Each structure stands twice: as C-alpha cells, then as structure tokens.
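Open the model in your viewer and show side chains as sticks. This tour goes from one charged pair to the next.

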Amino acid sequence: MPAPLCLALIAALGFGALLLWLELRHRLRPASPLRLDSHDWTVQEHPAATTGAAPAAVAGAITVEGVLRLSNPHARMEVMVPEVELRPTLLGKGDLSGVTVTARLTAAHPDEDTRADGYWAAYIVKGNKQTEARVSLTIAAPAGRPSDGAAGQQPINPLALIDTLWLEVLWINYGPFGRLQRRDGLLIPLRKPEPLQPATARWRAGEACQVLPLPTHLLGVLDDPADVLRRYAAAVLQPGDILTIGETPLAVMQGRYQHPAMVEPSALARLLCRVFHPTSSLATACGLQTLIDDVGPARVLCAWLAGTLMKLVGSRGGFYRLAGEQARLIDDITGTTPPYDQTIVLGPAHPERSCRELARQLGVPVAVVDVNDLGRVKVLAASEGCDEGLLQRALRPNPAGNANERTPLVVVRPA
C-alpha cells in the first residue's frame, strides 16, 4: 500500500477514534436521573382588612400554592435529595421594593411523616418512585402612604403592580454520579391581561395585509400552548387569518430552557466557542455546550471542521447547516425577555407537529416564526394553508417586537 494512502488511512482511523471517544465520554458522563415538575398551582388575592375607619397596616396579600414532584425513572439507581431551597422573584410594572415574599416548603413523602417544623430531611428517591413537596408563598406589602400617589389621589397598592412570580428551585442530587446542584425555574402568572376584542383591536397596516400583535401574560412551562392561543386569539380570528407564535415563547412553554449553572462545559466547548462571533449564542462555553448536549460532540466537531473548509472556498454558514436547526435557535443569557434572560433557551421541539395540532384546534393556519428587528423573518414550521410570502411581508417590520412588549402572538390578515 502506498505510503500516502497509509498515512491517510491512519489519520482517518485516528479521527474516527477521536469522535468515538468524544461521544462515549459525553454519553457516559455522570448524570442524575431525577426530574422535577410541578402541578396544582393556585393564586388567591386577599384584600386588606380594616378595623373601623382605620386603614390596615398592609395593602393585602397574595398567596400562591402548588406541588413540586421529584421523579426517578431509573429502574435501579437510588438518588438522595439532601437539600431543597426556594428562591422567589417578583416581576411587575413598578417599584416593588416594599413587597415581601415568604416561602415555605413542606415535604410530603409517601413513606414518611411530614415534619411540622418545615425542615427538609435528606430523602432517598428510590428507582421508579417519586415524592412530592408542597409549596406555599405569601406576598405582602405595606399599605400605600398618601405621598405615594399624586395630590388628591388614592395611594398606589404595591400588590397591584405585580403580575408574575418567578420561582427558582435549587436542589441537590446525591448518588453514584457524585453531588450535583440543580437549578430549575418556573414562571407563575399572578395576573393575566384581558384578551383583545374585535371592537378594541388596533390593526396595523402592512404590505397587502393587516397585522395585529396580541398581548399575553408572560408565558412559561405551566401554560398549555393551545389554551394560550385560544384565550388570546379566538375572539379576533376569522377565516383567512394566519396566527403566528414566536419560537422562543413556544420553547419556554415546552420547558426547553435551563440555568447555566446546570451546564458543565467540556474542553471541546471551551475551545470551540472562541471561534464564533462574540454576539453569537455559541460564543460562550455554556451556550455551545447546550448545543453539544443536544446533538452530540462528534456532530459539532465535524460541522465546525467542514464549515471551516467550506468558508475557505467562499461558502458561509456551513456550520449552522451541518450542526442542525438548534445551532441557529439557541438563545444564550440576555437573549430573551426577563426572567428567561438569565437562562439558555433552546428552539422549540417538534414545531411542525405543534403547528398541525394548534391549527386543528383553532381552525386557522398556524406558523412558528423567528423574527428580529433587522428585518429577518424565518418560518420554522407552518400548518397547511400558510402563505409564507404573506408572512414574510407582514412580519418584516417585526410587529411583535424584541423587547418586553409581551406580544408573542401575531394575527396576519390578507388585505
């Protein structure tokens, strides 16, 4: 065998061995099987009580209650949970510095008595088992002072400024994999805006079309996409309309976000992230590692090598085409609206199937889109009957906005 061919064969075998080692190291890395989800959330607002003519010392309270569930789908592994901490953050439309939040977590294990003192005792979640904990939060604020409002006006109730609770759960997983710190966040809407009605909807004129951005509450994993679209869009839809939803709002409703603290960058991520443009979501070790966790290190490395060669011959964007759709859709921190600006958000899962199901339930075509202020419009997926040319014209001015408009839904109506 000629020497050059031998060298090429040896290089190919070496590269193949490197890819195999990267994949095995990635797939066999320490991991916990535990999963956290929640259910049965309720929100109740309690007005301030008064005694005679004297005003109450507080403006009232809001109580939020729900259940956290820790599940272990592994058949044999037992995992300990020695610590759980709640970290609530309030979001609203004004100064919330006087508002206090009291959080209480009460274990509700199926095989142990509940402690009255609220102490979380280290608990073992056995294979194919689960446990729960009850969450109770009280949001309170002092009554407004006369100086808080303009002359002759009632003082502002601080609780009226709050619309969202962002609840982070910091919990430890302890087992054969070591000691892992998990940080999960869920958004609980405390107030929701009233849906637009045909008589009050303000349509915007577009190129051979009309567009209507629809305000919603901040969306999160507790929301069902079909329920959200039905609540905020059903009243204004008519035959011929197309309803669009942003890819990031759909992704967060699917729970496709995580705090960077839960990402462990590999040597490959730390090295390759340096070659991306500083504004790219892949230009940080955690951002690129999120892509690696999704598609695997071998694909990312091969896409980078091939993309670099393609760039040398004048073909740009090869990496993103070869690494898969998520390479373009991942948003690193600061890339989305608060509170998700503290998290890494992936693109939505199965957007084509989501469009078909949502269109069937709403009776109009539905599209998942990615739009920015630079006039870039990408239709990720669309149900039957969507006119992509119409969507390009209608969405190019970005009627939904990229800031804190809270208008993730846009109705497009042909002129």
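A residue is called buried when its relative accessible area is under 20%, exposed when that value is over 50%, and partly exposed in between. The model is a predicted one.

Select Glu 45 first. Its relative accessible area is 46%, so Glu 45 falls in the partly exposed class. Glu 45 lies in strand S1, residues 35-47.

Which residue forms a salt bridge with Glu 45? Add Arg 191 to the selection: the closest N and O atoms of the two side chains are 2.7 Å apart. Arg 191 belongs to the loop between strand S9 (178-189) and strand S10 (204-206). The two partners are 146 residues apart, so that this pair links distant parts of the chain. Arg 191 is partly exposed as well, at 25% relative accessible area.

Next, select Glu 85 and Arg 87. Their side chains form a salt bridge with an N to O distance of 3.7 Å; the cut-off for such a contact is 4 Å. Glu 85 has 40% relative accessibility and counts as partly exposed. Arg 87, at 33%, is partly exposed too.

Then move to Arg 115 and Asp 117. Here the side chains meet in a salt bridge at 2.7 Å, N to O. Is each partner buried, partly exposed or exposed? Arg 115 is partly exposed, with a relative accessibility of 41%, and Asp 117 is partly exposed at 47%.

How many salt bridges are there by this rule? The count comes to 13, including the pair of Arg 191 and Glu 45.

Notes: Residues numbered from 1 in each chain as written. Predicted model: local features only at pLDDT ≥ 70, side-chain atom pairs only at ≥ 80, totals over all residues. Heavy atoms only, no water. Helix = DSSP H or I, 4+ residues; strand = E, 2+ residues; numbered from the N terminus. Buried < 20%, exposed > 50% of the residue type's maximum accessible area, 1.4 Å probe, protein only.
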